[in-house]
Structure formats: structure tokens, C-alpha cells
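Thanks for making the time this morning. I would like to walk through one structure with you, moving slowly enough that you can follow each point on the screen.

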Amino acid sequence: MAGDRDQELPSAEHQAPPGVDDRTVEAVGKITEALETCERARGHLYAFHQLTGSADIKLGEALTSLREAGHTELADRIETELLGRNVLPGRWTFQIVEEYDDNYWSLFRSLEREARDQLLGGRRHVFEARMKQDERTIGRLGHEATPGDVGHNVP
């Protein structure tokens, strides 16, 4: 079975360059995994941004209804105190997103890429490709190493 593993390999862009040790591949893989978590956090931040904006728009609509129902004083108070209010001192959510992008996310992406460029020749997901190679069943349909290998396996 070990000989079979050498016949169906990950594509070249998912193999470590010659001389790169396993610990380096694992370390860069962990940096990439951390970036992926950061990307998820950024997505949640954008969801927060959009949900907060939608809440503010709905609040404005509710204030119109409140006024139409004759509750002008309460509508005026809510409009003055809450509608369009900063969610953090001096910031609407778009400003929070921009600061996150400019001060954290963009640097994280840049340094992750620098680590890959320096240590793995810019190759992505080398650690995951090794996991796939270790866990898949060589020669089994649905376990191909690359899309180019699809159709070469027998069920």
C-alpha cells in the first residue's frame, strides 16, 4: 500500500518544496488555519455591520408608524437618542469594519502570505494536502488525489 501512495500524489502546488521539513509545513499550516479563523471573524463582523444597519433602518420605519399612531413624543425621543447613534464612541459599524480591515486583517493576510512565500514557495494548503494523502484510500472512487485523477479509479 505504501508504494501506491507514491503513484497518486497531490498536485505540485500542494506539495512542499524539496528540503522543507514536516515541522515547517505544520507551522505554516497553523498560521493559515489561524488566518482562516480570522476570516470567519471578519465575516461575522460584516454580518454585525449589516444587521446593525438593518436594525437602524427598521427602527426608522417603526418611528414612522409610532408617529402615525399618535405617539410623537416617544418617537421623537427614540429618534433623538437612538436612531443613527454610534455603536462605539465616534463609530458606526462601517468604521469598525474599516479599522479591523486596515489594522488587523490586512496585516494578518500579508504575514501569512509572507510565511508561505518564504517557507513553502508560496504554496497553499500543503499541510491539508498531506492530511488528505494520509487519510484517503488510494485507488478508491471518491478518494482521488486531484481532480485530474477522477475517473481513473474503479468503484
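**Helix packing and an aromatic cluster**

Let me begin with two helices, α2 and α3, whose crossing is left-handed. Before going further I should say that this is a predicted model, so please hear everything that follows as a description of computed coordinates.

The axes of α2 and helix α3, the latter covering residues 72–81, come within 8 Å and cross at roughly 160°. Since angles over 145 degrees count as roughly antiparallel, α2 is therefore roughly antiparallel to α3. If you want to find the contact on the screen, look on the α2 side for L59, L63, L66 and R67, which meet T72, L74, A75, D76, I78 and E79 in α3.

Now to the aromatic residues. The structure holds three aromatic pairs, and I will take you through two that share a residue, Y104. In one of them, Y100 and Y104 are tilted with respect to each other, with 5.6 Å from centre to centre and 45° between the planes. Both of these tyrosines lie in helix α4, residues 93–120, and they are four residues apart, which is about one turn of the helix.

In the other pair, Y104 and F108 are arranged edge-to-face, at 5.7 Å centre to centre and with 80° between the planes. Because Y104 and F108 are four residues apart in helix α4, about one helical turn separates them. Taken together, Y100, Y104 and F108 form one aromatic cluster.

How buried or exposed are Y104 and F108? Y104 has a relative accessible area of 45%, so this residue is classed as partly exposed. F108, on the other hand, has a relative accessible area of 19%, and because the cut-off for buried is under 20%, F108 counts as buried.

There is also a contact between a charge and a ring that I would like you to look at, in which the charged end of R42 sits over the ring of W105, 3.6 Å from the centre of that ring.

Finally, please turn to P18, in the loop between α1 (2–5) and α2 (22–68). P18 counts as exposed because its relative accessibility is 82%, the cut-off for that class being over 50%. P18 and L120 are 102 residues apart in sequence, yet from C-alpha to C-alpha they are 9.3 Å apart in space.

Methods:
Residues are numbered from 1 along each chain as its sequence is written. This is a predicted model: local features need pLDDT of at least 70, side-chain atom pairs count only at pLDDT 80 or more; totals for chains, interfaces and linings use all residues. Side-chain values use heavy atoms; hydrogens and water are left out. Rings of Phe, Tyr and Trp (its six-membered ring) pair if their centres lie within 6.5 Å; planes under 30 degrees apart count as stacked, over 60 as edge-to-face and the rest as tilted. Buried means under 20% relative accessible area, exposed over 50%, partly exposed in between (1.4 Å probe, protein chains only). A charge sits over a ring if NZ of Lys or CZ of Arg is within 6 Å of the ring centre and within 35 degrees of the ring normal. Axes are lines fitted to C-alpha atoms, for helices over the stretch in contact, and angles run from 0 to 180 degrees between N-to-C directions. Angles under 35 degrees count as roughly parallel, over 145 as roughly antiparallel, 65 to 115 as roughly perpendicular and the rest as oblique. A crossing is left-handed if the near helix is turned anticlockwise from the far one by less than a right angle, and right-handed if clockwise. Contact means heavy atoms within 4.5 Å.
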